[in-house]
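This report considers the contacts of aromatic rings and the state of the cysteines in one protein model. Please consult the sequence and the structure shown here while reading.

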Amino acid sequence: MTNDSDSSSLIRLNIGGKKFCTTIDTLTQREPDSMLAAMFSGRHTLCQDPEKGYVFLDRDGKHFRHILNWLRDGVVPTLKDSKYTEVLREAEYYQLLGLIDGIHAILNKKKEDEELDTELTRTDIIKCIQSERVRFRGVNLSGLDLSKLDLSFVDFSYACLRNVFFSRANLHCAKFKDVDAEGAIFLNATLRECEFTGANLRGALLAGANLQSANLQDACLINSSFCQADLRSAHLQNADLTDANLEGAILEGANLKGAKLSNTNLKDANLQRAYLRQVNLRDTHLEGAKLFGANLNGAMR
């Protein structure tokens with residue numbers, strides 16, 4: 001259907017099988033630059049169930065009530081820490097920048113209020129990076145907020161970086177060899193030519209990050225998010241990308257030899273000239289992906 005209804009019109013949504021009812025005002029006013037606002041702006045044709053009138057979105061509907069409540073009231077939900085990461089993932093998908101910032105603010109406040117078992121503080125890190133050569137090899141920095149810092153060329157190899165905030169940080173040529181960075185957040189970070197060989201990045205958020213020519217060989221990237229990330233010429237040989245989200249990512253010229261891509265979301269990804277020889281793509285979501293010039297010899301599809 002064409003979305004030509006007035007702003008108070010009811011909209012029925014089917015989010016992964018869960019049914020919701022709201023208005024165009026709710027979906028468009030609080031976050032006017034979001035994906036939802038664009039969908040229901042009236043500029044696009046929507047796919048609607050002809051019998052019951054539901055607009056279907058292929059997402060897990062478990063947390064969509066939190067998305068709707070944010071759009072209605074502008075209040076970040078009160079959740080357990082583990083649930084915030086799940087809601088953050090949905091906010092990232094729907095491009096709800098206000099909710100993303102709100103969740104980060106709550107998590108940062110929690111970090112400040114808790115006694116974290118870390119060896120260094122953000123202030124200590126800032127003092128250290130003023131020196132010419134910085135190494136944090138094997139150091140426990142879990143839970144620290146290192147967002148927006150210039151950490152280029154820093155060596156974090158073998159460190160514990162669980163749930164560290166690196167959002168918008170400059171990490172050009174930083175070393176993350178064999179780090180434990182499960183749940184770390186690298187939203188819009190600069191990670192060009194970084195080394196992540198053997199790293200544990202399970203559940204990490206790297207949406208919008210610049211990972212051009214980064215080395216992620218043998219890395220655990222299970223359930224991680226690289227939505228809209230730039231992975232041009234990245235090395236992903238033998239990386240485990242099971243259940244990872246790379247929707248809209250740029251993988252032009254990337255090497256995915258031996259990578260595990262079970263249930264990996266590569267919808268609308270740019271895989272031109274990527275090396276996918278003999279890779280198993282049977283359970284990979286490739287709808288809308290660009291594969292021109294990709295090496296698919298022997299790939300299982």
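The following paragraphs treat ring pairs, charges over rings, and cysteines in turn. The model is predicted.

**Aromatic rings**

The structure contains 11 aromatic pairs. One of them joins Phe176 and Phe196, whose rings are stacked, with 4.6 Å from centre to centre and 0 degrees between the planes. Distant parts of the chain are linked by this pair: Phe176 and Phe196 are 20 residues apart, and each belongs to the segment after helix H6 (122-128). Phe176 is buried, its relative accessible area being 0%; for Phe196, also buried, the value is 0%. Ring pairs further connect Phe136, Phe156, Phe166, Phe176, Phe186 and Phe196 into a cluster.

**Charges over rings**

Two tyrosine rings are listed below, each with the residue that lies over it.

| Charged residue | Ring | Distance from ring centre |
|---|---|---|
| Lys19 | Tyr54 | 4.5 Å |
| Arg59 | Tyr93 | 3.9 Å |

In the case of Arg59, the charged end is the part placed over the ring of Tyr93.

**Cysteines**

A disulfide is a covalent bond between the sulfur atoms of two cysteines. How many disulfides does the structure hold? The number is 0. Cys173 takes part in no disulfide, and the nearest cysteine sulfur, belonging to Cys194, is 6.9 Å away. A disulfide requires two cysteine sulfur atoms within 2.5 Å. The sulfur of Cys227 is too far for a bond, because the closest cysteine sulfur, in Cys220, is 19 Å away. Cys227 counts as buried, with a relative accessibility of 11%.

Terms used
Residues numbered from 1 in each chain as written. Predicted model: local features only at pLDDT ≥ 70, side-chain atom pairs only at ≥ 80, totals over all residues. Heavy atoms only, no water. Phe/Tyr/Trp six-rings, centres within 6.5 Å; stacked < 30°, edge-to-face > 60°. Helix = DSSP H or I, 4+ residues; strand = E, 2+ residues; numbered from the N terminus. Buried < 20%, exposed > 50% of the residue type's maximum accessible area, 1.4 Å probe, protein only. Lys NZ or Arg CZ within 6 Å of the ring centre and 35° of its normal.
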